[in-house]
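Student: I'd like a close look at one part of this model, the sheet that both chains help to build. Could you walk me through how the strands are laid out and what sits around them?

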Amino acid sequence: MTRQQSPAAESAASVSSHDLGRLVGRAGAALNLQCRAAHQELAQTQLLLADATRKLLDSFHAANHALAGLGVQVEDAATRVGQNLLAASQHLQFSDLVGQLLATTEQRVDRLLLVSQRLQELIQAMDTPRTDAQASGDAHVAGEKRAFLEAVAALESCGDSRVKQRDTRAGNVELF
Amino acid sequence: MAKERTSTMRKLVLTVDDSAAIREMLSYVLKSAGHKVIEAEDGMDGLQKALSRQVDLVITDQSMPKMDGITLVKALRALPQYKKVPILLLTTESSDSMKDEGRTAGATGWLVKPFDPTKLIEVVDKVTGGR
């Protein structure tokens, strides 16, 4: 919008800018809501995973303890169960891999949420009618813009997860 | 403990990982092979435990709060009593650059999670001269 526009055109542009602001604000609110829900779901998944892992580990140790008490009469069976427990110890490590993946996703969602919040705050600041305190309003918008750009930069800095594994097959071993 | 190995080559192993599941699985596998285990939940805790008691082997994760694995390797290698003690990095990381960093820091080997329990015991025996 320029100062050379007619009053009518200026008014239309202003309305359209206002509408755009409202649309972006609405999108931001929806994004915010969904990010919060996703964050809660991830946190809930972490809790369920931690609880299930804890109970699996307790059962694992209890089975191992019971096995140790069986005595020599059932040594062959004990050996086989021991081998199975040993194999299970590889697959129980899924908990660490999934936990790391969830933590990365949680951080990503947190940063998305922050961008969404900052966007809404920026739009609110831009939508605020100018009064005689225009200079202070402009400073407020500039501050919100800076905060928004910082949130975007933080979101952009989210890298790929370190976890590349897609199953619980054993990883490589390299001795230096 | 299932079929624990009676061992004259029993070693004291320090395991360092912020994941309780990994610590417990390491402990289970190492004890099954007849070794004794001390657990630490991050690099700082690991360093303190290594200082309070001389261990024969350190198995550490890389990415941990407070102090990461490579920093722990460097800190241990700076101590005369840990100059030659084997240190294995057990991590989800598999990038060559990170491995090079581990090698330069003084790590003895790099194991990618999840670990195979049988292979782990072979590696432990090999680096500690247990067999």
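Tutor: Here is a tour of the sheet, strand by strand, and then of what packs around it. Keep in mind that this is a predicted model.

Let's start with the whole sheet. Six strands make it up, in the order β1(A)-β5(B)-β4(B)-β3(B)-β1(B)-β2(B), and it is an open sheet with mixed pairing. At the edges you'll find β1 (173-175) of chain A and β2 of chain B, each of which pairs on one side only. Going from one strand to the next, the twist averages 15°.

Now begin at the β2(B) edge and work inwards. Strand β2 (residues 36-40) of chain B runs parallel to β1(B), and 5 bridges join the two. To find this pairing on your screen, look for V13(B), which stands opposite V37(B) in β2(B). Another pair to look for is L14(B) with its bridge partner I38(B), again in β2(B).

Next comes strand β1 (residues 12-16) of chain B, which pairs with β3(B) in the parallel sense over 4 bridges. V13(B) turns up again here, since its bridge partner in β3(B) is L57(B). That makes V13(B) a handy landmark: follow it one way to V37(B), and the other way to L57(B). How enclosed is β1(B) by the rest of the structure? Here 4 of the 5 residues are buried, so β1(B) is largely enclosed. To count as buried, a residue needs 20 or more other C-beta atoms within 10 Å of its own.

Move one more place along and you reach strand β3 (residues 57-60) of chain B, which is covered on both faces. In a regular strand, side chains alternate between the two faces of the sheet. You can check both sides of β3(B) for yourself: L57(B) and I59(B) are on one side, V58(B) and T60(B) on the other, and all of them are buried. On from there, 3 bridges join β3(B) to strand β4 (residues 87-91) of chain B, and these two run parallel. Look for I59(B), whose bridge partner in β4(B) is L88(B).

At the far edge, chain A joins in. Strand β5 (residues 109-112) of chain B and β1(A) are joined by 3 bridges and run antiparallel. In this pairing, E174(A) has W110(B) in β5(B) as its bridge partner.

So what does the rest of chain A look like? Chain A has 4 helices and 1 strand, and from the N terminus on its elements run α-α-α-α-β. Of its 176 residues, 15% count as buried. The meeting of the two chains takes in 32 residues of chain A, in contact with 30 residues of chain B. On the chain A side, α1, α2 (75-91), α3 (94-127) and β1 each supply at least two residues. The largest share, 8 residues, comes from α2(A). Sorted by class, the side of chain A that touches chain B has 14 nonpolar, 14 polar and 4 charged residues.

Let's go back to the sheet and see what packs on it in chain B. V13(B) is a good place to start again, with L57(B) as its bridge partner in β3(B); L14(B) next has I38(B) as its partner in β2(B). Helix α3(B) packs on the sheet and touches β1, β3 and β4 of chain B, and its direction makes about 175° with that of β4(B).

That helix has a neighbour too. The axes of helix α3 (residues 69-77) of chain B and helix α4 (residues 96-105) of chain B come within 9 Å and cross at roughly 15°. Angles under 35 degrees count as roughly parallel, and α3(B) and α4(B) are therefore roughly parallel to each other. The crossing of α3(B) past α4(B) is left-handed. If you zoom in on where they touch, I70(B), V73(B), K74(B) and R77(B) in α3(B) meet E101(B), G102(B) and A105(B) in α4(B). The residues of this contact divide into 3 nonpolar, 1 polar and 3 charged.

Key. Residues numbered from 1 in each chain as written. Chains lettered and ligands numbered in written order. Predicted model: local features only at pLDDT ≥ 70, side-chain atom pairs only at ≥ 80, totals over all residues. Axes fitted to C-alpha atoms, helices over the stretch in contact; angles between N-to-C directions. Parallel < 35°, antiparallel > 145°, perpendicular 65-115°, else oblique. Left-handed = near helix turned anticlockwise from the far one by under 90°. Contact = placed C-beta atoms within 7 Å. Nonpolar A, V, L, I, M, F, W, Y, C, P; charged D, E, K, R; others polar. Buried ≥ 20, exposed ≤ 12 C-beta atoms within 10 Å, placed from the backbone. Pairing = 2+ DSSP bridges.
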